[in-house]
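Please open the model in your viewer and keep the selection tool at hand. The tour proceeds one selection at a time.

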Amino acid sequence: MSGNHYKGHEVSCCIKYFIFGFNILFWLLGMALVGIGLWAWSEKGVLSNISSITDLGGLDPVWLFMVVGGVMFILGFAGCIGALRENTFLLKFFSVFLGIIFFLELTAGILAFVFKDWIKDQLNLFINNNIRAYRDDIDLQNLIDFTQEYWECCGAFGADDWNLNIYFNCTDGNPSREKCGVPFSCCTKDPAEDVINTQCGYDIRAKPDSEQKDYINVKGCVPQFEKWLQDNLTLVAGIFIGVALLQIFGICLAQNLVSDIEAVRASWVPPPLIMRRLPPQCSKKSSAYYS
């Protein structure tokens, strides 16, 4: 009999192929996000001038695709190949990496709850920095417009935050036609309008405050975001708990598979040594030699 022998231990095919199938989806999705990010940078000419990555004063939304896609690609690769090839190193890397992400998420959640005022100030600073860079990047512009439209807000704490932008500020030396205005995403929506009026915010901040609220959303995005969180606290908490449980479940499955693989390897028994029967003439010679 030839081959390897195992005593009572087997690798669970259900766990193995569940981890493989689940992570191959993450792997493919991660590659897709990274591909979209590289395509966006290519369209903006960033790939031909790498130094321009740091030129934008605000957030480049492409970074979200690259970072999230990169993390998903690494996790998906480690989990997929580790499960398929029964590679304990990749499986351990997968579970440790997933554990680090879970720990960072938990730490960020605790810090956000404990230092709410500091987080609020940082969010205000972050939004104002992006307001300054509003016209510098089309992706950032679209992100800000989407945020202001979705939460029906304008600026970080009010429409006057748009004074930070060189195109919208109300200084006498500003030659821009958008002087003392706001982006169209700040305007209140008229259900009767089929086409968006992109000039609806022109000169709006030159009007008295009492009149501005008839044309634009005067509430800031920070308080509107806080209100949205309070109104959707159950949904947000449910999403975070669901993601956390999914991560813990993935770590447990990976560790279970590692234990199965190591148990099988530990119980490996080499094939028995089969003695070859000697021919009769050899046996006679051996008898004569010892006689």
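The stops below cover a helix, a surface patch and a loop residue.

This is a predicted model, in which local features need pLDDT of at least 70 and side-chain atom pairs count only at pLDDT 80 or more, while totals for chains, interfaces and linings use all residues. Residues are numbered from 1 along each chain as its sequence is written, and side-chain values use heavy atoms, leaving out hydrogens and water.

First, select residues 13–43, helix α1. Helices here are DSSP runs (H or I, at least four residues), numbered from the N terminus. The end C-alpha atoms of α1 are 45 Å apart, which agrees with the 45 Å expected for 31 residues at 1.5 Å a residue; the expected span is 1.5 Å times one less than the number of residues. Among the buried residues of α1 are Trp27, Gly30, Leu33 and Trp41. Buried means under 20% relative accessible area, exposed over 50%, and partly exposed in between (1.4 Å probe, protein chains only). The cover over the buried residues of α1 includes α2 (62–84), α3 and α8 (233–266). Just after α1, select glycine 45, which has a positive phi of about 80 degrees.

Next, select valine 114 in helix α3. Valine 114 is exposed, its relative accessible area being 53%.

Finally, select lysine 207, in the loop between α5 (138–151) and α6 (209–212). Lysine 207 is partly exposed, at 32% relative accessible area. Add cysteine 180: its C-alpha atom lies 9.3 Å from that of lysine 207, although the two are 27 residues apart along the chain.

Technical notes:
Helices (H or I, at least four residues) and strands (E, at least two) are DSSP runs, numbered from the N terminus. Contact means heavy atoms within 4.5 Å.
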